[in-house]
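Q: I am new to this structure and would like a close look at a single part of the backbone. Please start there, then lead me outward to what lies around it.

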Amino acid sequence: MPTVLTIRNLMFMIHTRDHNPPHVTIYCGVPDDWQAKARVNLENCQVMDSTGFKNKDIKIIEALCIVNRESFLEVWYETRS
């Protein structure tokens, strides 16, 4: 599962055997002790579900997904071919 972006304590990952729709999973914290998790649909850059993130964090995550959407989608489709 490739990490496609790391910003501060946010890690954006695409799980290679995950289901549609294309999405990125965002973790906050350190591996084995995640403080928060969210999944963002890459078709519309909206949060599908989240646990542990505040609303202001969700807005930042959505904005980062909008900016990086094309590269995230590229990885999503590359890992499925």
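A: Let's start with Cys 45, which lies in the loop between E4 and E5. Here E marks a strand of at least two residues and H a helix (DSSP type H or I) of at least four, both being DSSP runs numbered from the N terminus. This is a predicted model, in which local features need pLDDT of at least 70 and side-chain atom pairs count only at pLDDT 80 or more, while totals for chains, interfaces and linings use all residues. Residues are numbered from 1 along each chain as its sequence is written, and side-chain values use heavy atoms, with hydrogens and water left out.

Cys 45 has a positive phi of about 55 degrees, although it is not a glycine. Most residues other than glycine have a negative phi, and most peptide bonds are trans. With a relative accessibility of 6%, Cys 45 counts as buried; buried means under 20% relative accessible area, exposed over 50%, and partly exposed in between, using a 1.4 Å probe and protein chains only.

Two other loops are good to visit next. Arg 8, in the loop between E1 and E2, also has a positive phi, of about 50 degrees, without being a glycine. Arg 8 counts as exposed, at 82% relative accessibility. In the loop between E2 and E3 sits Pro 21, and the peptide bond leading to Pro 21 from Asn 20 is cis, with omega near 5 degrees.

Now step back to E4, the strand that holds Lys 37. Lys 37 is partly exposed, at 38% relative accessibility. Its C-alpha atom is 5.6 Å from that of Ile 26, eleven residues away along the chain. Beyond its neighbours within four places in sequence, Lys 37 is in contact (heavy atoms within 4.5 Å) with several residues, among them Ile 26, Tyr 27, Asp 49 and Phe 53.

The helix H1 completes the picture. It covers residues 55–78 and has a kink of about 70 degrees centred on Asn 68, where the bend is the angle between axes fitted to the seven residues ending at a residue and the seven starting there. Asn 68 is one of the buried residues of H1, which also include Ile 58, Leu 64, Phe 72 and Trp 76. What covers the buried residues of H1 includes E1 (3–7), E2 (10–13), E3 (23–30), E4 (33–41) and E5 (46–51). Glu 78, also in H1, is exposed, with a relative accessible area of 52%. Its C-alpha atom is 9.3 Å from that of Thr 16, although 62 residues separate the two in sequence.

Taken as a whole, the protein chain has one helix and five strands, in the order β-β-β-β-β-α along the sequence. Its radius of gyration is 12 Å, close to the 12 Å that the globule rule gives for 81 residues, so the chain is as compact as a globular protein of that length. That radius is taken over C-alpha atoms, and the rule is 2.2 Å times the number of residues to the power 0.38. Buried residues, such as those we have met, make up 41% of the 81 residues.
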